[in-house]
Amino acid sequence: MDTNTATARNTANRLVEVEEILDRRGHSSTELIGVLQDIQERWHYLPEDALNYVATTLGMSVNTVFGVATFYAQFSLEPKGKYLVRICDGTACHVKGSQSIYDAIKKKLDLRDGRVTTADGLFTLETVACVGACGIAPVMVINDQVHSQLTPEAAEIIIDTLMARENDEAAPAEPSNEVES
Ligand code: FES
């Protein structure tokens, strides 16, 4: 399958899912923010083809939909990694060393020149304001999972574990030595 065909197929599959989201939200323009939240939850960002489809289907201008998508900080128009790593940099976490955790993870993921997502698309690193878990600071949140009372070393071990899991999943299955009877 050539690249164009694969892209067209991905878009078609995505739009089927966007249509399901619109169905659940009643195909209503008053539900636009909820629709965008659902799309972002599904793909970790707002794909352009999805926004165009939402605008057309809800009878809204593309500019309006993109305007809402860019107004709210919770939305991203850039693809994010499979693992969204957020280092809390609220006051309590900052005082307890969140910056050194951030620096360690940034180095481990080899994020340079302003990049926040790894080249393989697996990890995105961000800071976030207080996530409401100050009693167990410093905190790192990966997708929905909260990791507490971290040191840079402990945070790196968590990232190592995720990398190892991904490597295992990507590795071809070992040929079996068992002889069928
Ligand atoms: S400052 Fe990090 S959880 Fe509150």
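Mentor: Let's start with how helix packing is read: each axis is a line fitted to C-alpha atoms, for helices over the stretch in contact, and the angle between N-to-C directions runs from 0 to 180 degrees. Helices are DSSP runs of H or I with at least four residues, strands are E runs with at least two, and both are numbered from the N terminus. Please keep in mind that this is a predicted model: local features need pLDDT of at least 70, side-chain atom pairs count only at pLDDT 80 or more, and totals for chains, interfaces and linings use all residues. Residue numbers start from 1 along each chain as its sequence is written.

Trainee: How many helices and strands does the protein chain have?

Mentor: The protein chain has seven helices and four strands. Starting at the N terminus, their order is α-α-α-α-β-α-α-β-β-β-α.

Trainee: At what angle do helix 2 and helix 4 pack?

Mentor: Helix 2 (residues 32-43) meets helix 4 (residues 62-71) at about 65 degrees, and their axes are 11 Å apart. Helix 2 is therefore roughly perpendicular to helix 4 (65 to 115 degrees counts as roughly perpendicular, under 35 as roughly parallel, over 145 as roughly antiparallel, the rest as oblique). The crossing is right-handed, a label used if the near helix is turned clockwise from the far one by less than a right angle; anticlockwise would be left-handed.

Trainee: Which residues of helix 2 and helix 4 meet?

Mentor: Leu32, Ile33 and Leu36 of helix 2 touch Val65, Val68 and Ala69 of helix 4, where contact means C-beta atoms, placed from the backbone, within 7 Å. This contact has six nonpolar residues, no polar and no charged ones. Ala, Val, Leu, Ile, Met, Phe, Trp, Tyr, Cys and Pro count as nonpolar, Asp, Glu, Lys and Arg as charged, and the others, Gly among them, as polar.

Trainee: Is Ile33 buried, exposed or partly exposed?

Mentor: To decide, count the other C-beta atoms within 10 Å: 20 or more is buried, 12 or fewer exposed, and in between partly exposed. Ile33 has 15, so it is partly exposed. From Ile33 to Asp168, 135 residues further along the chain, the C-alpha separation is 38 Å.

Trainee: What does the contact of helix 6 with helix 7 look like by class?

Mentor: First the geometry: helix 6 (residues 98-108) and helix 7 (residues 152-170) pack at about 35 degrees, with 9 Å between their axes. From helix 6, Ser100, Ile101, Ala104, Ile105 and Lys108 meet Pro152, Ala155, Glu156 and Ile159 of helix 7. By class, six of these residues are nonpolar, one is polar and two are charged.

Trainee: Where do His27 and His44 lie?

Mentor: His27 sits in the loop between helix 1 (3-24) and helix 2, and His44 in the loop between helix 2 and helix 3 (48-58). Neither is a glycine, yet phi is positive: near 50 degrees for His27 and about 70 degrees for His44. His27 has 13 C-beta neighbours within 10 Å, so it is partly exposed; His44 is partly exposed too, with 18.

Trainee: Which residues does the cis peptide bond join?

Mentor: Ala137 and Pro138, with omega about -5 degrees. Pro138 belongs to the loop between strand 2 (123-128) and strand 3 (140-142).

Trainee: And what share of the residues is buried?

Mentor: Of the 181 residues in the protein chain, 18% are buried. The C-alpha atoms fill a box of roughly 65 × 50 × 35 Å along the principal axes.

Methods
Two residues are in contact if their C-beta atoms, placed from the backbone, lie within 7 Å.
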